[in-house]
Amino acid sequence: MSQFSTEEEVRSALAAGGILLDVRGREEIEQLSLPCKYSFLHIEVTRTDSSLLETRAHEVLPKKDVPVICFCRSGRRSEVAKQTLLKMGYTKVLNAGGLTTGELAYLE
């Protein structure tokens with residue numbers, strides 16, 4: 001797994017109009033919400049299956065040069081999402097890490 005993006009990188013991407021992409025499952029969202037001022041999209045990704053993201057990305061992320069900041073519970077699936085989007089031609093994709101590991105506390 002690659003290193004998570006820094007707080008500075010994420011804040012810069014958000015300031016540039018970046019989109020937060022939550023790739024957790026619905027049950028995880030119900031258990032732990034993201035208490036922040038930013039809105040975000042949700043497309044579920046598993047460690048082995050990013051097909052839903054591949055199918056829906058062109059609908060919800062039509063511009064491939066807009067920053068996309070992926071996050072999940074631990075950071076593993078957000079890395080899968082990041083790699084998937086990069087392969088699809090998105091040029092500014094970050095892995096912000098996970099909610100339970102504390103990487104996103106600065107978004108509150």
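Which residues are exposed on the other side of helix 1? They are Glu 8 and Ala 15, as the first view shows. The model is predicted, so that local features need pLDDT of at least 70 and side-chain atom pairs count only at pLDDT 80 or more, while totals for chains, interfaces and linings use all residues. Residues are numbered from 1 along each chain as its sequence is written, and side-chain values use heavy atoms, with hydrogens and water left out.

**View 1. The two sides of helix 1.** In helix 1 (residues 7–15), Val 10, Ala 13 and Leu 14 are buried. They cover an arc of only 100° around the axis, which puts them on the same side of helix 1; the arc is that of the directions from the helix axis to the C-beta atoms. Buried means under 20% relative accessible area and exposed over 50%, with a 1.4 Å probe and protein chains only. Helices (H or I, at least four residues) and strands (E, at least two) are DSSP runs, numbered from the N terminus.

**View 2. The cover and the end of helix 1.** Strand 1 (19–22), strand 3 (68–72) and strand 4 (93–98) are among the elements that cover the buried residues of helix 1. Gly 17, which follows helix 1, has a positive phi, near 90°.

**View 3. The largest nonpolar core.** This core, a set of buried Ala, Val, Leu, Ile, Met, Phe, Trp, Tyr and Cys residues joined through side-chain atoms within 4.5 Å, has 14 residues, and those with the most contacts inside it are Leu 21, Leu 53, Cys 70 and Leu 85. Strand 3 gives the largest share, three residues.

Terms used:
Contact means heavy atoms within 4.5 Å.
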